[in-house]
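Work through the exercises below with the structure in view, and try each task before reading the solution that follows.

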Amino acid sequence: MTALQVNDLRKSFGGLNVIQSVTFTVEPGERRLLLGPNGAGKTTLFNLIAGDLRASAGQILLQGEDVSTLPTFRRAARGIGRTFQILTLFGRETVIGNVIMALLGNRRQRWRPYGAVAADATLRREAMQVLARVKLESLADRPVQETSYGEKRRLEIAMALAQDPEILLLDEPLAGLSKQERKTVSTLLEELPRALTILMIEHDMDVALAFAEKIALLHHGRLLVDGTRDEVIADPRTREAYLAQ
């Protein structure tokens, strides 16, 4: 059974067709790169898969289940986690507080008063384990607004991992990072368990191509090329659409 299957997906805003008849599958444990020039529709496609946008037509299957009409929180409960191109963190909260809130996303405990939740020793222990995966445990009690941009990027990945997803959508996780931070984030992504399926948008080509096993190239909202890394790189349509060669 495929981890993710997208069938004839379409999205229009008025007369503007942003996603046009996109079809592809992602196998369990696959590392898939979503490429395309600016405006190709990559983030819109992520929003459709995660449920932040409703498709105009088409179907999205998660582990064989049609989730096309489910709201975002239902899809998250079924195993879709994501990060965003623009950071979405609770800036006035601590680093560990952000992870605790992410842990609560799919739990009944989220209805408890926040003070009681924040003091929960079990939740704090779980949150520290998640922070250790992204090398942020030493900053657990630091306010997010006092962390660096690279640390915030890692925190957002931690929040996505906290919900124990089966499919992780990473929207430009290396954007704006220094050379050292890119190396740090790349390493932690490589260390993620193979049971986790990853679909990533990234413009750092060296890192992205080293990470990806398969690539889907979008151009003007259409799936132009889809295949292994070597197949997509060698395809002349890739050079024409993305590399301008």
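**Exercise 1.** In this predicted model, decide whether Arg82 is buried or exposed.

*Solution.* Begin with the relative accessible area of Arg82, which is 13%. Buried means under 20%, and therefore Arg82, at 13%, counts as buried.

**Exercise 2.** Find which side chain meets that of Arg82 in a salt bridge of 2.7 Å, N to O, and describe where the two residues lie.

*Solution.* The partner at this distance is Asp52, whose side chain meets that of Arg82 in a salt bridge. The pair links distant parts of the chain, since Arg82 belongs to strand E6 (residues 80-82), while Asp52 sits in the loop between helix H1 (42-50) and strand E4 (57-62), 30 residues apart. As for exposure, Asp52 has a relative accessible area of 36% and is partly exposed.

**Exercise 3.** Describe the salt bridge between Arg82 and Asp171, and state whether Asp171 is buried or exposed.

*Solution.* The side chains of Arg82 and Asp171 meet with an N to O distance of 4.0 Å. This pair, too, links distant parts of the chain, with Arg82 in strand E6 and Asp171 in strand E7 (residues 167-171), 89 residues apart. With a relative accessible area of 1%, Asp171 is buried, because this value is under 20%.

**Exercise 4.** Identify which residues are joined with Arg32 into one network of salt bridges.

*Solution.* Start from the salt bridge between Arg32 and Glu30, in which the closest N and O atoms are 2.8 Å apart; both of these residues are buried. Salt bridges that share partners then join Glu30, Arg32 and Asp226 into one network. A search of the whole structure finds 12 salt bridges.

Technical notes
Residues are numbered from 1 along each chain as its sequence is written. This is a predicted model: local features need pLDDT of at least 70, side-chain atom pairs count only at pLDDT 80 or more; totals for chains, interfaces and linings use all residues. Side-chain values use heavy atoms; hydrogens and water are left out. Buried means under 20% relative accessible area, exposed over 50%, partly exposed in between (1.4 Å probe, protein chains only). Helices (H or I, at least four residues) and strands (E, at least two) are DSSP runs, numbered from the N terminus.
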